[in-house]
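Hi,

Here is the structure I promised to pass on. Have a look at it first, then read my notes below.

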2 protein chains.
Amino acid sequence: MTRLNRERVLRAAVALADESGIESLSMRRLAQELGVVPMALYKHVANKEQLLDGMVDTVVGEIDPPEPGSDWRGVVRQRILSARRVLLRHRWAYRVIESRTGPTPAVLEYLDSMIGVFRDGGLSVDLTHHVMHAMGSRLLGFSQELFEASGASGGAEPPGPALAQRYPRIAELAAAAAHDGDSVVGGGCDDQFEFEFALDLLLDGFERLRVEGWSPPGRG
Amino acid sequence: MTRLNRERVLRAAVALADESGIESLSMRRLAQELGVVPMALYKHVANKEQLLDGMVDTVVGEIDPPEPGSDWRGVVRQRILSARRVLLRHRWAYRVIESRTGPTPAVLEYLDSMIGVFRDGGLSVDLTHHVMHAMGSRLLGFSQELFEASGASGGAEPPGPALAQRYPRIAELAAAAAHDGDSVVGGGCDDQFEFEFALDLLLDGFERLRVEGWSPPGRG
DNA sequence: GAGAAAAGGTGTACGGCGTACACCTTGGTG
DNA sequence: CACCAAGGTGTACGCCGTACACCTTTTCTC
């Protein structure tokens with residue numbers, strides 16, 4: 001077995017999280033996967049937090065660079081959808097990114113580049129600032145649902161009529177959602193459509209503000 | 001000391017999380033706070049997951065009911081801002097809510113009632129469905145930033161010029177943000193303004209779609 | 001090539017966690 | 001008063017992250 005290094009550790013960690021879920025990624029389990037004693041990992045990452053940081057950077061590094069185009073909205077759109085594809089490959093990643101206390105270098109670079117697209121598209125510094133906030137985690141392709149789509153709903157809750165009676169509006173929505181009965185928000189829907197619906201709504205809103213020459217309200 | 005019950009346990013848990021942060025909420029610590037042995041808690045909650053579920057319901061129960069009004073946007077806006085105030089009182093809550101695998105009863109009730117406001121406001125079932133998705137966690141007052149505002153940035157990163165050189169666009173934005181130098185996204189900004197900016201952008205977009213009689217694109 | 005120094009890997013151990021399980025204590029009911 | 005269910009206890013297990021001291025291997029220098 002060749003020697004360990006930081007990159008091998010990170011790649012193994014990402015692979016392990018992809019396969020077994022983030023909750024089963026422990027230093028001990030990762031070490032075992034690498035055929036090494038747990039403490040060996042600490043020669044390559046300072047601690048578990050830094051391991052997670054490194055995993056985030058690995059994943060964010062998979063996002064395609066922006067493809068230059070004349071329409072800033074198209075460039076943003078394409079890149080965010082690329083980010084989304086990456087996040088769908090690594091379903092644990094959005095939780096980990098959100099759990100970081102600060103942005104990692106790869107994320108900073110990504111954000112910097114995104115800001116560049118907005119600025120080059122003609123949005124003022126102020127508008128870009130608020131736009132970045134408004135996009136929030138959507139910038140990285142999160143759909144930020146309230147709950148994981150579908151999934152085992154855990155509780156032994158009666159599946160149909162009882163719920164429909166207690167939450168009639170939810171039932172109405174669920175019934176209307178394309179496929180058959182689904183969980184409250186997310187299950188049975190076309191997640192990709194939902195993501196793009198919200199993304200385009202926001203991008204259109206930004207464009208409208210740009211055209212109107214939006215400027216921040218006076219302070220105070 | 002009076003006897004324990006589920007509600008006392010939940011209230012103590014919420015209080016402990018408020019004071020010491022969610023990361024220091026352990027069954028053992030909570031038991032100690034209640035002057036009881038750890039295993040005593042398990043007579044009132046099945047396990048830690050269910051404790052967290054209960055905490056979520058407690059917090060969501062603090063959100064004001066909708067104040068009826070003629071303008072659906074106003075009703076939604078007011079209620080979401082109430083949710084946001086609650087979430088700001090319990091800063092650990094949004095993380096816990098996101099970590100739940102399924103919605104709890106209080107959350108279901110909240111969502112149901114929110115759907116009612118949209119429907120009564122004249123949005124079609126389909127549009128309401130997508131609107132709920134588009135709002136995502138914003139429905140509960142999350143600003144869903146990429147990272148916690150400000151906070152100790154952990155790393156010994158040089159604060160100013162070096163970062164500005166590597167991430168010039170970020171630096172430009174940061175410089176323009178009202179107050180002095182802040183972290184990438186969040187610090188030094190008026191979070192409340194940012195939240196309302198995005199919220200109103202979305203609500204305005206929804207209203208526009210409603211007026212235009214939006215209907216879902218044909219399938220396939 | 002010899003030897004030192006740096007880098008990488010090991011073994012043991014500690015304090016924390018959630019919680020299973022068997023047990024005791026208490027308060028309310030017949 | 002006896003009983004029994006509900007509530008509280010004590011012990012123990014198997015995880016976790018990681019500090020610390022140690023050994024081994026590689027790499028660098030003369």
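DNA strand C has 17 residues around it, and the closest are Arg3(A), Met39(A), Lys43(A), Arg28(B) and Tyr42(B). Here, a residue is near a strand if one of its heavy atoms lies within 4 Å of it. Sugar and phosphate make up 48% of the strand C atoms that come within 4 Å of the protein.

Before you go on: this is a predicted model, where local features need pLDDT of at least 70, side-chain atom pairs count only at pLDDT 80 or more, and totals for chains, interfaces and linings use all residues. Residues are numbered from 1 along each chain as its sequence is written, chains are lettered from A and ligands numbered from 1 in the order in which they are written, and side-chain values use heavy atoms, with hydrogens and water left out.

Back to DNA strand C. A phosphate oxygen of this strand sits 3.2 Å from a backbone N or O atom of Leu4(A), and a backbone N or O atom of Val37(A) is 3.0 Å from a phosphate oxygen too. With His44(A), a polar side-chain atom lies 2.9 Å from a phosphate oxygen of strand C.

Now DNA strand D. It is surrounded by 17 residues, with Arg3(A), Arg28(A), Arg3(B), Lys43(B) and His44(B) the closest. Of its atoms within 4 Å of the protein, 49% belong to sugar or phosphate and the rest to bases. Look for Arg28(A): an N or O atom in its side chain is 2.3 Å from a base nitrogen of strand D. Met27(A) uses a backbone N or O atom instead, 2.9 Å from a phosphate oxygen of strand D.

What about the two protein chains? Rotating by 180° with 0.0 Å of shift along the axis superposes chain B on chain A, with an RMSD of 0.0 Å (a least-squares fit on the C-alpha atoms of residues with pLDDT of at least 70 in both). That is the relation of a two-fold axis. Both copies use the same surface: 100% of the contact residues of chain B recur in chain A (contact means heavy atoms within 4.5 Å).

Finally, find helix 6 (residues 105-120) of chain A and helix 9 (residues 168-176) of chain B, whose axes come within 7 Å and cross at roughly 70°. Helices here are DSSP runs (H or I, at least four residues), numbered from the N terminus, and axes are lines fitted to C-alpha atoms over the stretch in contact, with angles from 0 to 180 degrees between N-to-C directions. That makes helix 6 of chain A roughly perpendicular to helix 9 of chain B (65 to 115 degrees).

Cheers

Definitions and conventions:
A polar contact is a pair of N or O atoms within 3.5 Å; within protein, one must be able to donate a hydrogen and the other to accept it, and residues adjacent in sequence count only if both atoms are side-chain atoms. Helices (H or I, at least four residues) and strands (E, at least two) are DSSP runs, numbered from the N terminus. Angles under 35 degrees count as roughly parallel, over 145 as roughly antiparallel, 65 to 115 as roughly perpendicular and the rest as oblique.
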